[in-house]
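Subject: A structure for you to look at

Hi,

Here is the structure I promised to pass on to you. Please open it beside this email, and then read on for what turned up in it.

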Amino acid sequence: MIHVNFYRKTLLVMATLFIGTDLSAQWDFHTDYLKIHIDQRGFITSMKNTTVQPNREFSPADKPSPLMLLYDGNKQQYYEPVKAAYRPSAKTLSLTYTNGSVAAIRLTQQAGYLKLTLLSLSNRTNIEDVQWGSYHTNITNLLGEIIGVARDTSNAVNYAIGMLALDDNTLGGTSATIGDAAPFQYIIHTPDAKRFPLPDSVHEGQVFSLGGNGISDVAFYAHKEPWYRIMYGDAAQVDKEGRISISYHSRDRSGKREILFSLIPHMAANIPNHIEVQPLPGVNYIGSSVALWGSPDSTALTGVIRNIVLSEGLPYPTINGKWVKDPAAFVPDAMSAGNKNDSIIAYTHRLGFKAISLYDQGFIRPDRGNEGYIDGKNFERKPIKMATGNKSHKEFAALAAPYGIIIGRTPITNSLAPGTLDASPVPSDSLCYQQKRLLVKDVSTTDTSIIVNDPKYMNEIASWEGHCADLNMIKIGKELIHYMGISDKPPYRLLNVKRGYWKTTPAKHAAGAAVYKLQVTVNYGYDGVIPNMQLQDEIAKYYAEVCSINGLAYYDFDGQEFLFNNGHGYYSTKRFFHKMFDRAKELGVPYIRFTGATLSEGSWHYQSIWNVGGGKNLYDADTREWGSATSQGKDLRDVTYGNFFPVGMGGNFPITAHSTVAQYEHIQAISVGVGTTYSLSLNEKEVESCPQKEAIFKVIRTWEDARAANAFPRWVKIQLMDPARSWRLEPGNDKNSWALYEMIDGKKSAPVMLQRTAGY
């Protein structure tokens with residue numbers, strides 16, 4: 001009887017488990033454009049474009065894709081699923097793994113995407129991270145390594161497969177990505193093997209270092225060959241056949257971890273440092289969610305991706321009522337030069353631009369000591385020079401506002417500079433540190449013999465970025481102390497000690513006191529210490545408050561890569577901008593337009609533009625090439641275009657005495673065709689010296705009006721992308737039409753008539 005009862009109970013438990021479970025062990029899921037097949041192990045074995053007949057297959061037969069992997073960070077080992085079960089009533093997949101863990105994943109089918117959400121995971125003690133994919137494709141054309149997309153833009157195929165994260169702790173990339181920010185490097189990948197065949201000396205997926213000495217950012221861009229693809233993430237990867245895979249992941253951030261991190265690990269000037277990553281209780285992978293989509297490439301951005309963003313409540317910044325990712329919303333900005341500003345608002349309005357970057361005002365540094373009043377509590381400082389009377393930012397913003405123009409500045413993101421509230425002379429207790437040690441014996445206010453309990457990693461210099469010796473410091477209590485090196489035998493004594501660094505006050509410190517080796521930035525005017533996550537949250541809010549108080553609505557976040565320095569990578573970036581935008585909304589600031597030093601999966605949704613660098617490094621209008629001095633223009637064009645982001649031409653194309661109408665017809669044609677923005681350098685003296693000023697203004701405004709009207713069809717843009725061709729755009733008989741002429745030997749060809757698209 002005992003055996004019978006046990007058998008009956010076992011059957012009852014099994015019946016309960018399998019109620020509503022589809023036992024077919026093979027399942028299809030679909031959207032309006034994509035159908036996937038998941039096998040009995042939990043692998044995707046088919047991904048088909050259902051908009052064509054016969055359906056085109058994009059899943060390589062030799063590379064099935066795991067729906068989700070588990071990652072043991074200590075062992076640096078992945079676990080694959082070995083068994084899958086599906087409950088249609090709950091829309092839930094159960095995946096069993098090689099380590100015995102069982103994951104419950106909700107899979108819902110939307111019109112344009114499949115939504116995957118991790119509901120639970122058993123046996124998770126040693127599981128640091130979960131990875132969606134990698135989802136392997138046979139696409140070999142364009143990769144989007146920031147947002148995770150494989151694109152075939154050819155007319156014959158015209159299809160893309162991608163993912164988007166639906167929560168802040170799900171990031172583009174793999175579980176094995178150190179510091180959750182992928183190495184900045186080149187890989188070999190040709191976008192078209194027929195047009196650009198690889199030389200025998202390289203192969204697909206091969207990794208190369210950046211150029212230069214690791215310090216000059218311009219020198220990083222060192223390969224003009226089209227098969228050298230610079231990488232700003234690893235949400236998309238290529239194999240040795242050039243096939244593109246995509247992946248996202250989510251990490252448990254609640255526990256202690258130590259990483260060996262550098263964003264540019266291949267270069268001697270930027271070798272990795274060891275970082276004790278700050279634990280963030282409650283931030284883990286349960287609830288991690290992604291949207292998996294496939295659609296015709298030509299409509300993927302404004303059709304599918306925009307629908308995901310709106311349906312899932314992701315950030316959706318707009319300008320002129322249009323999503324900033326909509327190519328019709330791409331618009332250059334004005335960039336001040338010479339600090340003579342009587343005409344720049346009028347210039348910007350006439351050009352059809354919507355923002356002025358006060359770049360000639362220099363950096364602003366995050367200093368919570370001023371409470372957001374960058375010109376003083378009574379706006380008494382008047383840094384913006386005008387013949388009619390100098391203005392504060394608030395006053396200048398008020399002059400620009402009636403024209404729908406916003407103004408902004410260039411901050412050094414989260415670098416806490418000496419002399420600011422949180423850095424010195426009284427440093428905050430909420431600074432990010434690389435290592436924590438203990439003081440072995442008491443020190444007086446004048447002692448330079450500082451002995452710590454453990455020398456491990458204390459000989460590493462400053463930060464991974466440049467290893468700047470004068471930023472190599474520790475914090476004990478409220479004192480900053482500079483040092484260089486540590487003795488190699490006990491007692492372990494810090495060497496070359498300078499007390500009271502950055503004008504902090506030397507103090508007595510008792511044995512057992514915590515010694516923090518601080519995380520820092522880099523020299524060259526960026527000098528600062530890095531906040532911990534909670535203080536960084538406050539810095540993000542501070543920037544929103546600066547906007548509210550001073551009338552700003554534009555930032556050029558220089559040193560944006562410093563957001564990675566705490567070891568939380570793209571999560572840190574995403575959290576920073578989320579906090580800034582949330583606070584801005586609370587304060588009634590509807591939109592903050594920003595560019596910055598980098599672009600990442602953490603900033604893609606929030607960031608409007610990426611006009612980093614400038615001049616002939618980005619686009620040379622005279623030679624008509626993407627970077628004549630370096631490969632920066634080509635490299636950044638490929639990154640942004642591949643990731644459905646406006647291509648940047650940097651600060652560029654100043655109007656001078658030698659500027660011509662033909663130059664700006666060409667600049668605008670390329671800008672519209674490729675989908676670019678740029679920051680137009682405007683120096684009042686130089687602009688007024690230009691004989692063709694009025695005609696140039698008219699040309700730029702004509703092109704910008706037509707772009708905002710979404711008047712350029714795809715086939716026209718493809719022709720405009722060719723820098724060898726010349727164009728002229730003229731207004732039509734009303735505000736809704738334009739005539740586009742190709743100029744051949746200086747003469748107009750037959751016009752292409754363009755019309756405003758409904759809704760624009």
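Where is the place of Glu371? Before you go looking, please keep in mind that this is a predicted model. Glu371 sits in the loop between β29 (363-364) and α4 (393-400). Its backbone is worth a look, since Glu371 has a positive phi of about 55° although it is not a glycine. Glu371 is partly exposed, with a relative accessible area of 46%.

Tyr524 also has a positive phi without being a glycine, and the value there is near 70°. You will find Tyr524 in the loop between β36 (514-518) and α5. With a relative accessibility of 57%, Tyr524 counts as exposed, because the cut-off for that word is over 50%.

**The whole protein**

Now step back and look at the overall picture. The protein has 11 helices and 44 strands. Its radius of gyration is 28 Å, close to the 27 Å that the globule rule gives for 760 residues, so the protein is as compact as a globular protein of that length. Along the principal axes, the C-alpha atoms fill a box of roughly 100 × 80 × 55 Å. Of the 760 residues, 56% count as buried. If you take the contacts with a separation of 6 or more, residues 24 or more positions apart account for 68% of them.

**Salt bridges**

Side chains of opposite charge can pair when their charged atoms come close. How many salt bridges does the count come to? The count is 38 salt bridges, and here are some that you can find for yourself.

Start with Arg575 and Asp537, whose side chains meet in a salt bridge at 2.7 Å, N to O. Arg575 lies in helix α6 (residues 569-586) and Asp537 in helix α5 (residues 533-550), so this pair ties together parts that are 38 residues apart in sequence. Are these two residues buried or exposed? Both Arg575 and Asp537 are buried.

Helix α6 also holds Lys574, and the side chain of Lys574 meets that of Glu601 in a salt bridge at 2.9 Å, N to O. Glu601 lies in the loop between β38 (593-596) and α7 (632-642), so here the parts tied together are 27 residues apart in sequence. Glu601 and Lys574 are both buried.

The next pair stays inside one helix. Glu704 forms a salt bridge with Arg707, and the closest N and O atoms are 2.7 Å apart. Because Glu704 and Arg707 are three residues apart in helix α10 (residues 693-708), about one helical turn separates them. Both Glu704 and Arg707 are buried.

Salt bridges can be linked up as well: Asp62, Lys63, Asp239, Glu241 and Arg243 form a network of them.

**Around helix α10**

Let's stay with this helix for a moment. Two packed helices are described by the angle between their axes and the distance between the axes. For helix α3 (residues 344-351) and α10, the angle is about 50° and the axes are 8 Å apart. That makes α3 oblique to α10. On the α3 side, the contact is made by Tyr347, His349, Arg350 and Leu351. On the α10 side, it is made by Lys693, Glu694, Phe697, Ile700, Arg701 and Glu704. Sorted by class, this contact has four nonpolar, one polar and five charged residues.

Thr702 is found in α10 too. At 8% relative accessibility, Thr702 counts as buried, because the cut-off is under 20%. Which residues is Thr702 in contact with, leaving aside its neighbours within four places in sequence? They are Leu729, Glu730, Pro731 and Trp738. For a pair that is well separated along the chain, try Thr702 and Ile364: they are 338 residues apart in sequence, and their C-alpha atoms are separated by 35 Å.

**Two cis peptide bonds**

Finally, please check two spots in the backbone. A cis peptide bond joins Gly133 and Ser134, with omega at about 15°, and Ser134 is part of strand β12 (residues 129-136). Another cis peptide bond joins Pro490 and Pro491, where omega is about -5°. Pro491 lies in the loop between β34 (479-482) and β35 (492-493).

Enjoy exploring, and write back with any questions!

Best wishes

Methods: Residues numbered from 1 in each chain as written. Heavy atoms only, no water. Salt bridge = Lys/Arg side-chain N within 4 Å of Asp/Glu carboxyl O. Helix = DSSP H or I, 4+ residues; strand = E, 2+ residues; numbered from the N terminus. Buried < 20%, exposed > 50% of the residue type's maximum accessible area, 1.4 Å probe, protein only. Axes fitted to C-alpha atoms, helices over the stretch in contact; angles between N-to-C directions. Parallel < 35°, antiparallel > 145°, perpendicular 65-115°, else oblique. Contact = heavy atoms within 4.5 Å. Nonpolar A, V, L, I, M, F, W, Y, C, P; charged D, E, K, R; others polar. Rg over C-alpha atoms; globule rule 2.2 N^0.38 Å.
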